[in-house]
Amino acid sequence: MARNASTPEQQSVRVLKVGERVRHILSELLARGEVHDDVLTAHSVSVTEVRMTPDLRNANAYVKPLLGEDEDIVLKALRTNTAFFQREVAKRLGLKFAPKLRFKPDESFDEAERIERLLNDPKVVRDLEPDDD
């Protein structure tokens with residue numbers, strides 16, 4: 001599932017900076033255990049990327065629990081605590097409007113693994129080997 005409808009080159013620097021700041025804020029909140037949720041406290045969650053809309057009103061936060069364990073449970077806990085995260089992000093960002101957060105699973109690791117398996121397929125390896133002619 002492709003998540004990058006627009007490439008980073010097409011986004012303004014401000015949008016990218018705000019997205020990165022939101023990612024840092026969310027990561028910090030999770031790392032310090034500031035959200036009072038047993039599921040999130042029990043899991044180490046990485047916020048791998050935050051994509052902002054050009055108007056900075058919406059943010060898609062791509063997350064991955066350590067080793068991909070209990071991904072559905074962690075996503076449900078994040079979504080349950082969205083109001084807390086939005087409040088904290090708004091407070092720390094100081095923007096006129098707080099972005100509406102949506103938590104989504106980061107599928108880039110799965111996609112990379114799929115590509116790696118394809119490249120290691122014997123048929124593909126045979127085609128990639130240089131000819132000795």
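## Salt bridges: the rule and the count

A salt bridge is taken here as a side-chain nitrogen of Lys or Arg lying within 4 Å of a carboxyl oxygen of Asp or Glu. Applied to this structure, which is a predicted model, that rule gives a count of 9 salt bridges.

Glu 28 takes part in two of the pairs described here: its side chain meets that of Arg 32 at 3.4 Å, N to O, and it also meets the side chain of Arg 92, with an N to O distance of 3.0 Å. The pairing with Arg 92 links distant parts of the chain, since Glu 28 belongs to helix H1 whereas Arg 92 belongs to helix H4 (residues 82-93), the two residues being 64 apart. As for their surroundings, Arg 32 counts as exposed because its relative accessibility is 58%, while Glu 28, at 31%, counts as partly exposed, and Arg 92 is likewise given as partly exposed, with a relative accessible area of 30%. Through salt bridges that share partners, Glu 28, Arg 32, Glu 34, Glu 88, Lys 91 and Arg 92 are joined into one network.

A further salt bridge is formed by Glu 71 and Lys 64, whose closest N and O atoms are 3.4 Å apart. Lys 64 has a relative accessible area of 13% and is therefore classed as buried, the threshold for that class being under 20%.

## Overall architecture

The protein holds 6 helices and 3 strands, and from the N terminus on its elements follow the order α-α-β-β-α-α-β-α-α. Of its 133 residues, 32% are buried. The accessible surface comes to about 9,000 Å², and 52% of that surface belongs to carbon and sulfur atoms. When contacts between residues at least 6 apart in sequence are considered, 66% of them join residues that are at least 24 apart.

## The strands and their pairing

Strand E2 (residues 58-65) has pairing partners in both E1 and E3: with strand E1 (residues 45-52) the pairing is antiparallel and extends over 7 bridges, whereas with strand E3 (residues 100-105) E2 runs parallel and is joined by 6 bridges. Individual positions show how the strands are set against one another, Val 50 standing opposite Ala 61 in E2 and Asn 58 standing opposite Lys 100 in E3. Because 7 of the 8 residues of E2 are buried, the strand is largely enclosed by the rest of the structure.

The hairpin made by E1 and E2 has 5 residues between its strands, and Leu 56 is found in this loop. The phi angle of Leu 56 is near 65°, which is a positive value in a residue other than glycine. With a relative accessibility of 6%, Leu 56 counts as buried.

## Asp 37, a buried charge without a salt bridge

Asp 37 is located in the loop that lies between helix H1 (13-31) and helix H2 (38-42). What is the nearest side chain of opposite charge to this buried residue, and how far away is that side chain? The side chain in question is that of Lys 76, at a distance of 9.5 Å, and Asp 37 has no salt bridge although it is buried. Since a salt bridge requires the nitrogen and the carboxyl oxygen to be within 4 Å, the 9.5 Å separation from Lys 76 does not satisfy the rule.

Asp 37 does, however, make a polar contact through its side chain, the partner being the side chain of Asn 81 at 2.9 Å. If neighbours within four places in sequence are left aside, the residues in contact with Asp 37 are Ala 77 and Asn 81.

## Ser 27 in helix H1

Ser 27 is a residue of helix H1, and its relative accessible area of 22% places it among the partly exposed residues. That value has to be read against the cut-off, because a residue is called buried when its relative accessible area is under 20% and exposed when this area is over 50%. Ser 27 and Thr 48 are separated by 21 residues in sequence, and their C-alpha atoms are 8.9 Å apart in space.

Definitions and conventions. Residues are numbered from 1 along each chain as its sequence is written. This is a predicted model: local features need pLDDT of at least 70, side-chain atom pairs count only at pLDDT 80 or more; totals for chains, interfaces and linings use all residues. Side-chain values use heavy atoms; hydrogens and water are left out. Helices (H or I, at least four residues) and strands (E, at least two) are DSSP runs, numbered from the N terminus. Buried means under 20% relative accessible area, exposed over 50%, partly exposed in between (1.4 Å probe, protein chains only). Lys and Arg count as positive and Asp and Glu as negative; His and the chain ends are not counted. A polar contact is a pair of N or O atoms within 3.5 Å; within protein, one must be able to donate a hydrogen and the other to accept it, and residues adjacent in sequence count only if both atoms are side-chain atoms. Contact means heavy atoms within 4.5 Å. Two strands pair if DSSP finds at least two bridges between them. Accessible areas come from the Shrake-Rupley method with a 1.4 Å probe; for residues, only the protein chains shown count as cover.
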